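Q: Could you take a close look at one part of this model for me? I would like to see how a single residue sits within the whole.

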Amino acid sequence: MPEAPFPPAVNEAVRALLARASVPPRQLHDPAPDAAALSLAVAAATRAPDHGGLRPWRFVGIQGEARAAFGELLARAMQARAPETPEARLDLERLKPLRSPLVVAAGAAIRAHPKIPAWEQEATAAAGIMNFLNALDAMGFGCCWLSSAALQDPAIKAALGFAETDRLLGWIYVGTPEAGRPRPERPAPDGFWRDWQPA
């Protein structure tokens with residue numbers, strides 16, 4: 001069933017938010033965003049709510065030949081975690097970063113703070129990641145935010161330059177989407193909202 005059209009009063013910024021959808025990595029191709037577009041996306045990330053001004057957002061781009069090297073790192077880390085892993089499964093791990101022209105390791109720099117717990121700093125970083133995705137989508141690029149066991153691997157985190165106390169929050173696959181990119185139907189908002197009434 002087709003979605004209802006946007007109401008006439010909806011401005012372009014809200015239209016972009018309502019139209020955003022993840023794009024599977026296999027449907028992402030060159031070109032990747034250039035440095036200027038990525039800088040804008042990171043600037044959007046830094047507009048996320050940030051209690052205490054701790055600025056936990058961290059993004060590490062992996063592109064070009066570095067993707068194959070990162071795939072090897074992922075495979076070695078998987079083998080170290082689970083030595084019985086079949087070679088075919090390790091090959092799949094090696095190929096993961098090659099699925100799109102850019103992979104972004106997104107994380108949170110966590111600081112010890114007497115009033116702002118780690119979960120709140122992670123929430124700030126995650127909100128920033130969503131802004132990053134929205135900005136790239138609005139510029140015509142496609143993204144997919146994925147996770148894997150490697151996010152919890154200390155060797156992977158260290159290789160990417162994250163501190164031991166930091167958190168890796170996801171792999172963002174980025175590129176130019178194929179024509180006819182998927183736009184899943186939006187669920188009805190009333191399924192996610194209710195007004196509270198005192199007992």
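**A close look at D153**

A: Happy to help, beginning with the fold: from the N terminus on, the elements of the protein chain follow the order α-β-α-β-α-α-β-α-β-α-β. That gives six helices and five strands, where helices (H or I, at least four residues) and strands (E, at least two) are DSSP runs numbered from the N terminus. This is a predicted model, in which local features need pLDDT of at least 70 and side-chain atom pairs count only at pLDDT 80 or more, while totals for chains, interfaces and linings use all residues. Residues are numbered from 1 along each chain as its sequence is written, and side-chain values use heavy atoms, with hydrogens and water left out.

Now to the residue itself. D153 lies in the loop between β4 (142-146) and α6 (154-159). D153 counts as buried because its relative accessibility is 7%; buried means under 20% relative accessible area, exposed over 50%, and partly exposed in between (1.4 Å probe, protein chains only). In the protein chain, buried residues make up 39% of the 199 residues.

As for its partners, the side chain of D153 reaches the backbone nitrogen of A155 at 2.9 Å. Leaving aside neighbours within four places in sequence, D153 is in contact with A77 and R81, contact meaning heavy atoms within 4.5 Å. Across the protein chain, of the contacts between residues at least 6 apart in sequence, 79% join residues at least 24 apart.

How values were computed:
Polar contact = N/O pair within 3.5 Å; in protein donor to acceptor, adjacent residues only side chain to side chain.
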